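Trainee: Got a minute? I'd like to go through this model and ask how each label is earned.

Mentor: Sure, let's look at it together.

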Amino acid sequence: MSGLVSIAYLIAAVLFIVGLKQLGSPKTARRGNQLAMLGMLIAIVVTLLDKKIIDFSYIVAGLVLGSLIGAIAAKKVQMTAMPQMVALFNGVGGGASTLVALSEFYHLTGHPPMDITITIVLSVLIGTITFTGSLIAYAKLQGIMRGAPIVYSMQHYVNGLMVLAVVGLGAWFAMEPSLLAILLIITVISAILGVTSVIPIGGADMPVVISLLNSYSGMAAAATGFVISNNVLIISGALVGASGIILTQIMCVAMNRSLGNVLFAAVGTDGGVVSAAGEQKQVTRYTPDDAVVMLDRAQSVIIIPGYGLAVAQAQHVLQEMATILMSRGAKVRYAIHPVAGRMPGHMNVLLAEANVPYDLLLEMDAINDDFQNTDVALVIGANDVINPAARYKKESALYGMPILNVDMARTVMIVKRSLASGFAGEDNELFFNEKTMMIFGDAKKMVTEIVQILKH
Ligand code: NAP
C-alpha cells in the first residue's frame, strides 16, 4: 500500500510542477491550473484513503463547506479584488498549518526527536504570521483599515525583539517539548508579529507582501509536512514557498525596489493624490469626438492598459474599439508593462477575459522601440508605468523603474478621470506635454463613447 501511495504522491508532484510551468504563459495557463487541480485531488483522495480514518463525517462536512465557500468566493470576486482574495486564502492556509502542528503536539509521547519539535515550532511560527499578516493585508486592500503605512517609533526594534523571543522560546521548546505553555506563547507572539510586520507597509505595496505571505504559507505547509511525515505536503509546500519568493522578487525588480525597501521603508499613500503640479500648469481637455478624429486617421495604435482599466471594467468595450480600428486598416497592439495593474499578469488576465488575441499583447521589451513609429499611444487608466519621472527624477519612488516609451509616439492620448497620481503618488509631466490629449472621465464611459462615435 505504501508503495502505491508514494507513486500517487509522485504523480501529484509531477502534475504540480507541470501545472506551474504551464501557468507561465496565458495560452497554457488554464490547462496548467487544471493539471495542478488534478494533482491536488489525487493527493487529497490518496491521503484520505491511506490514513485509516475512523470517522469521515467531519471530513466530509469540512470538504463540502470549504468547497462551497471557495467556489462562491471565486465566482463572485471582482478581478480588482483578486489580491485580497488571495490574501485570505493564504491566511487560511497558514492558519491550517498552525492548527495541524498544534494538534500534532497532543500526539507527542515520550521525548520526541528534535527534528519534530523544531518543525512544530516553525510550522506554528510561520503559519501564524501568515494568518494574521494576511488578515491585515486583506483589511488594507478591502478598505476596512487605512492603506497608508502605520508607523511608530522603535517599530523595527520591537519586531526584532519579538523574533528573538520566538527563537529563544523555540529553542527551549525543542529541548522541553512537554511544555504546552511555551508553544502557546510562541503562537501569540507570532500572531502579534504578523500584524506588526504588515501594518507599516503601504496598501499599494500589499500585492508584493501577499506574494511573500503566499511563500510563507508554502513554507509553513512544508514544515507541517515534516511534522506529520507527509511527502506530498512537503513537496507542494516547497513549490508554493519557492514560486512565491520568485514572484516576490520579480515584482520587486519590475518596480525597481528591493524587498527590504518594500518591507521596511513604509512607502506609499492611500493612492489618488491630486497632482500639485496640475494645480499650476495648464492642461487641455479633449473629448471623445476629438479622439475619434485622431484615431480615424491613425495607421498604428498602441494601447497601454493600466489599473484604471481594471477599475472601470472597460476591457470588453476596449476590445470592441480595437476591432473597429483594425477593420479600418489600422495596426493595433497592446503594450503590457510587467507591473501594470495591481497584481502580476493583471492586464493579461483582464484582456484575456475580453478575448483579446494573445499575439496582440506585447511585453514592454518587445514593443518599447516601436512607439517612435506609432501614430497614437492610447493610455487607458495607466499612470506610473508611463511616467517619465522614472527616467531622471532621483527622489521619485519610481526612479529607475523601466517605463513604456509612450512619450515617443506621435500623439499620446490619456483616458483617466482626473490629474490624480497613480500608486506611487508621483506627478506625471506627460499630462502637460503638448502632444498629449487628456480625455477626462471613467475609462468605460469614455471608450464606449468613442466606440459609438466610431460606429456612426
Ligand atoms: P497607476 O499608476 O496606479 O494609475 C492608475 C490610474 O488609473 C490612476 O492614476 C487613476 O487616475 C486611473 N483610474 C482609476 N480608476 C479609473 C477609471 N474608472 N477610469 C479611468 N481611469 C481610472 O496604475 P498603473 O499605471 O497600472 O501602474 C501600476 C502601479 O501599481 C505601479 O506603480 C506598480 O509598481 C504598482 N504595483 C503593481 C503591482 C503588480 O503586480 N502589477 C503590484 C504592486 C504595485 P484617476 O483617478 O485620475 O482616474
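Trainee: What makes the pair between P344 and the ligand a polar contact?

Mentor: Keep in mind that this is a predicted model. A polar backbone atom of P344 is 3.2 Å from an oxygen atom of the ligand. The cut-off for N or O pairs is 3.5 Å, so this one counts.

Trainee: How do you know that V385 belongs with it?

Mentor: Here a polar backbone atom of V385 lies 3.5 Å from a ligand oxygen. The rule says within 3.5 Å, so the V385 pair counts too. A340 also has a backbone N or O atom 3.2 Å from a nitrogen atom of the ligand.

Trainee: How much of the ligand does the protein bury?

Mentor: Taken alone, the ligand exposes 920 Å², and the protein buries 96% of that. The ligand is surrounded by 30 residues, with N383, D384, R417, S418 and F423 the closest. They divide into 16 nonpolar, nine polar and five charged. Helix α13 (residues 307–312) gives the largest share of this shell, four residues.

Trainee: Now the sheet. Why are β3 and β6 said to stand at the edges?

Mentor: The open sheet has six strands in the order β3-β2-β1-β4-β5-β6, with parallel pairing. β3 (361–363) and β6 (436–440) each have a single partner strand, so one side of each lacks a neighbour in the sheet. On average, neighbouring strands are turned by 25° against each other, direction ignored.

Trainee: What makes β5 and β6 a pair?

Mentor: Pairing takes at least two bridges, and β5 (residues 411–416) and β6 have five, in the parallel sense, so they qualify. For instance, K416 has F440 in β6 as its bridge partner.

Trainee: Which strands does helix α12 touch?

Mentor: Helix α12 (residues 288–297) packs on the sheet, touching β1, β4, β5 and β6, and its direction makes about 140° with that of β6. Helix α14 (residues 315–327) lies across β1, β2 and β4, at about 145° to β2.

Methods
Residues numbered from 1 in each chain as written. Predicted model: local features only at pLDDT ≥ 70, side-chain atom pairs only at ≥ 80, totals over all residues. Heavy atoms only, no water. Axes fitted to C-alpha atoms, helices over the stretch in contact; angles between N-to-C directions. Contact = heavy atoms within 4.5 Å. Near = heavy atom within 4 Å. Polar contact = N/O pair within 3.5 Å; in protein donor to acceptor, adjacent residues only side chain to side chain. Areas by Shrake-Rupley, 256 points an atom, 1.4 Å probe, with all protein chains shown as cover. Nonpolar A, V, L, I, M, F, W, Y, C, P; charged D, E, K, R; others polar.
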